[in-house]
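Please look at the two chains shown below and follow how they meet. The report that comes after takes up the contact between them and then turns to a pair of helices.

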2 protein chains.
Amino acid sequence: MKSFDFYSPTHFVFGKDRENEVGKYVKENGGSKVMLVYGGKSAKSSGLLDRIEASLKETGIDYIEWGGIKPNPVSTPVYEGIEQGRKEGIDFMLAVGGGSVIDTAKAIAMGIPYDGDFWDFFTGKDPEGALPIGVVLTIAAAGSEGSPDAVITNDKTLDKNGAGGDCIRPKFSILNPALTQTLPPYQTACGISDIISHAFERYFTNTPDVEVTDRLLEGLVKSVIHEGKRVMEDPDNYEARANIMWAGMVVHNNIMGVGRDQDWNSHHLEHVLSALYDVAHGAGLAVIMPSWLEYCATHGGETRIAQMATRIFGCEMDFADPKRTALEGVKAYRAFLKEIGMPLTFAEIGAKKEDIPKLVEMNHIGDGVTGGFIGLDKQAHFDIYEIAARE
Amino acid sequence: MKSFDFYSPTHFVFGKDRENEVGKYVKENGGSKVMLVYGGKSAKSSGLLDRIEASLKETGIDYIEWGGIKPNPVSTPVYEGIEQGRKEGIDFMLAVGGGSVIDTAKAIAMGIPYDGDFWDFFTGKDPEGALPIGVVLTIAAAGSEGSPDAVITNDKTLDKNGAGGDCIRPKFSILNPALTQTLPPYQTACGISDIISHAFERYFTNTPDVEVTDRLLEGLVKSVIHEGKRVMEDPDNYEARANIMWAGMVVHNNIMGVGRDQDWNSHHLEHVLSALYDVAHGAGLAVIMPSWLEYCATHGGETRIAQMATRIFGCEMDFADPKRTALEGVKAYRAFLKEIGMPLTFAEIGAKKEDIPKLVEMNHIGDGVTGGFIGLDKQAHFDIYEIAARE
């Protein structure tokens with residue numbers, strides 16, 4: 001285990017109808033003029049926004065609406081939000097939505113008090129502070145409700161970059177599983193794929209002696225597979241959604257990712273996919289993650305992938321040929337993703353084999369090697385996309 | 001899953017030598033005059049206190065020493081600490097030790113700003129605030145370094161009671177696994193027993209649909225069993241100690257205990273044992289927890305205990321007779337406790353069968369029923385102590 005710091009001061013407010021308490025938490029955290037960031041029309045048509053605004057009004061909190069944030073969030077609405085927020089004297093960001101809405105709110109929160117271009121924070125500069133952020137979560141997937149991170153695509157360059165710092169950890173996050181019941185099955189499945197990926201990106205490591213976090217990550221994935229199947233069979237199952245929602249937070253607040261190297265190659269391999277084709281992040285991960293695992297299983301990573309195969313998917317260990325066990329685990333993961341309706345190939349998400357050189361280029365690898373579990377050079381990136389593009 | 005709030009704002013600082021940074025964290029949290037609470041001579045003789053005091057001095061922080069806190073902490077040093085703390089104008093409590101030292105510091109922290117008797121908070125009154133608390137942990141066991149709780153025994157009445165509130169969550173906790181390497185094997189094993197008990201007290205529940213927290217708790221116990229065996233074979237194993245130390249925090253900060261009823265009967269059954277015989281808490285739990293499980297397995301709790309038996313201890317499920325599987329799991333847990341040198345019976349801890357009526361009396365059960373998994377009346381308390389007193 002490596003040395004680390006862990007700090008997760010977000011107040012999580014979990015359960016049915018708890019978004020009706022939002023005004024109280026905004027007030028506790030010093031908000032008096034709120035920018036209410038949200039996505040599409042469903043937040044309005046479902047009555048959710050009305051309930052939230054009623055709670056704000058009741059607590060005497062002023063607000064402006066800032067809607068229309070789209071999946072795979074881009075920089076333009078961030079710039080506009082910063083300008084508008086300054087004009088209106090906004091002192092609190094309230095995100096009502098999933099990862100895209102939360103990350104947009106986080107970016108605006110950093111940008112408002114900053115003199116320069118907010119994009120600086122997405123190209124390596126440490127955040128200098130941010131307005132306080134609150135969340136009402138409507139999609140269990142990104143984990144941004146409990147994380148110190150945000151991911152935004154620059155819509156001029158198509159660079160999909162991340163920023164991070166404790167100042168963008170939400171002050172509170174309200175998690176009402178019932179709010180996710182109206183999600184279409186495909187989006188629910190995308191969330192499940194994203195959550196499991198967040199576990200795998202932590203799980204696949206070369207750091208020795210990480211038994212506790214290993215077992216926690218394995219337990220998390222096993223339970224999300226169990227609950228994921230349940231929710232696909234019965235989309236109105238509040239209990240399954242509650243389990244998935246808590247899992248999505250826990251896996252990404254990093255309590256089971258500390259003390260070990262992590263490998264986010266698969267996320268990067270996917271980011272350029274969703275930037276180029278506007279495919280849902282979780283769907284892109286369903287294509288990329290097993291392809292990456294298949295590559296790693298045949299390039300030195302077989303032992304740890306075999307551990308995943310046996311401990312998570314109950315595969316029988318082939319001691320004479322661990323690679324076989326590892327590949328059996330990858331097959332089992334693909335079968336699960338297929339069962340919940342996720343795509344597994346380029347063809348299924350409209351990605352094109354002939355675009356592979358472009359995708360590799362967009363990854364800005366140069367002559368280096370990326371990732372920590374199995375280092376990937378340019379050729380490896382090609383090979384993984386080739387696996388994903390296989391019919 | 002039930003509705004819940006989860007808030008764990010402690011900054012965890014984990015790794016070798018990190019206690020040398022303590023001055024910085026005290027300062028960040030507004031401390032200028034510190035009461036440095038610690039236990040026996042080893043903190044001094046090992047040089048740990050010197051290093052901590054050097055870091056405080058370097059940061060310009062004044063302090064007084066407040067040593068001599070004993071295991072199973074009692075109220076007298078709390079009263080004395082409150083008086084001394086007020087006299088000295090203490091504004092920050094720094095606990096250097098394990099659960100007993102931390103809980104004493106927490107009690108003093110609540111008592112200094114309070115007009116009345118600090119014991120009020122241990123008999124039902126909500127805390128009204130507390131001085132900020134920091135921790136340098138030297139024993140992995142109690143989990144108090146990340147919890148909002150404290151347990152103190154009133155040395156007049158022998159009541160061992162708890163208090164709780166977010167104001168006594170430590171501002172920071174420094175976890176250096178190397179500091180636990182000097183612990184005698186018996187105390188190391190007591191810590192392991194305590195940590196696994198903290199998982200079981202959350203695990204055994206009647207709340208349905210708690211698959212995510214179930215799997216996390218199972219993973220935690222499996223890994224602590226694994227690392228527990230390693231550390232008993234090789235006490236200098238930093239890595240095993242690091243895993244156990246993080247597990248001890250994670251299991252008790254409640255991130256995997258939320259959304260479900262918990263059952264703390266076994267802890268209460270043990271508290272009176274350690275109050276009467278001054279046995280180490282973890283050793284008392286090694287006697288009580290399997291006895292309680294055995295009782296529950298034969299009084300309606302067999303299904304969930306069989307789940308523990310199969311998922312944690314790898315027992316084969318006997319579908320025709322789940323009770324058999326459950327009892328096999330209890331047997332497996334006893335075998336593990338024995339392997340790490342823990343006592344399993346009254347005789348081994350010097351407890352007396354003829355004291356059972358007194359122990360039951362000390363539990364203040366009256367005609368009621370305690371606990372949530374399997375409700376226990378007075379007779380059940382007798383029966384469980386009888387199991388523990390069996391030769």
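Is the crossing of α7(A) and α7(B) left-handed or right-handed? In this predicted model, the crossing of these two helices is right-handed. Helix α7 of chain A and helix α7 of chain B each cover residues 211–233, and their axes come within 8 Å and cross at roughly 155°. Because angles over 145 degrees count as roughly antiparallel, α7(A) and α7(B) are roughly antiparallel to each other.

The residues that meet in this contact include A:Glu211, A:Arg215, A:Leu216 and A:His226 in α7(A), together with B:Glu211, B:Arg215, B:Leu216 and B:His226 in α7(B). By type, the residues of the contact of α7(A) with α7(B) divide into six nonpolar, six polar and ten charged.

The contact between the chains as a whole takes 35 residues from chain A and 35 residues from chain B. On the side of chain A that touches chain B, β1 (4–14), α7 and α8 (238–252) each supply at least two residues, and α7(A) gives the most, with eleven residues. The residues of that side of chain A divide into 16 nonpolar, nine polar and ten charged.

Strands take part as well, since β1(A) and strand β1 of chain B (residues 4–14) pair in the antiparallel sense over nine bridges. Within this pairing, the bridge partner of A:Phe12 in β1(B) is B:Phe6.

How are the two copies related in space? A rotation of 180° with 0.0 Å of shift along its axis superposes chain A on chain B, with an RMSD of 0.0 Å, and that is the relation of a two-fold axis. In chain A, the C-alpha nearest the axis is that of A:Pro9, which lies 1.9 Å from the axis. Moreover, 100% of the interface residues of chain A are also interface residues in chain B, so the copies meet through the same surface.

Within chain B, helix α4 (residues 76–88) and helix α5 (residues 99–111) also pack together, at an angle of about 50° and with their axes 9 Å apart, which makes α4(B) oblique to α5(B). Here α4(B) passes α5(B) in a right-handed crossing. The residues of this contact divide into five nonpolar, four polar and no charged, and among them are B:Val78 and B:Ile82 in α4(B) and B:Ala107 and B:Ile108 in α5(B).

The two helix pairs are set out below.

| Helix pair | Angle between axes | Axes |
|---|---|---|
| α7(A) and α7(B) | roughly 155° | within 8 Å |
| α4(B) and α5(B) | about 50° | 9 Å apart |

Technical notes. Residues are numbered from 1 along each chain as its sequence is written. Chains are lettered from A and ligands numbered from 1 in the order in which they are written. This is a predicted model: local features need pLDDT of at least 70, side-chain atom pairs count only at pLDDT 80 or more; totals for chains, interfaces and linings use all residues. Axes are lines fitted to C-alpha atoms, for helices over the stretch in contact, and angles run from 0 to 180 degrees between N-to-C directions. Helices (H or I, at least four residues) and strands (E, at least two) are DSSP runs, numbered from the N terminus. Angles under 35 degrees count as roughly parallel, over 145 as roughly antiparallel, 65 to 115 as roughly perpendicular and the rest as oblique. A crossing is left-handed if the near helix is turned anticlockwise from the far one by less than a right angle, and right-handed if clockwise. Two residues are in contact if their C-beta atoms, placed from the backbone, lie within 7 Å. Ala, Val, Leu, Ile, Met, Phe, Trp, Tyr, Cys and Pro count as nonpolar, Asp, Glu, Lys and Arg as charged, and the others, Gly among them, as polar. Two strands pair if DSSP finds at least two bridges between them. Copies are superposed by least squares on the C-alpha atoms of residues with pLDDT of at least 70 in both.
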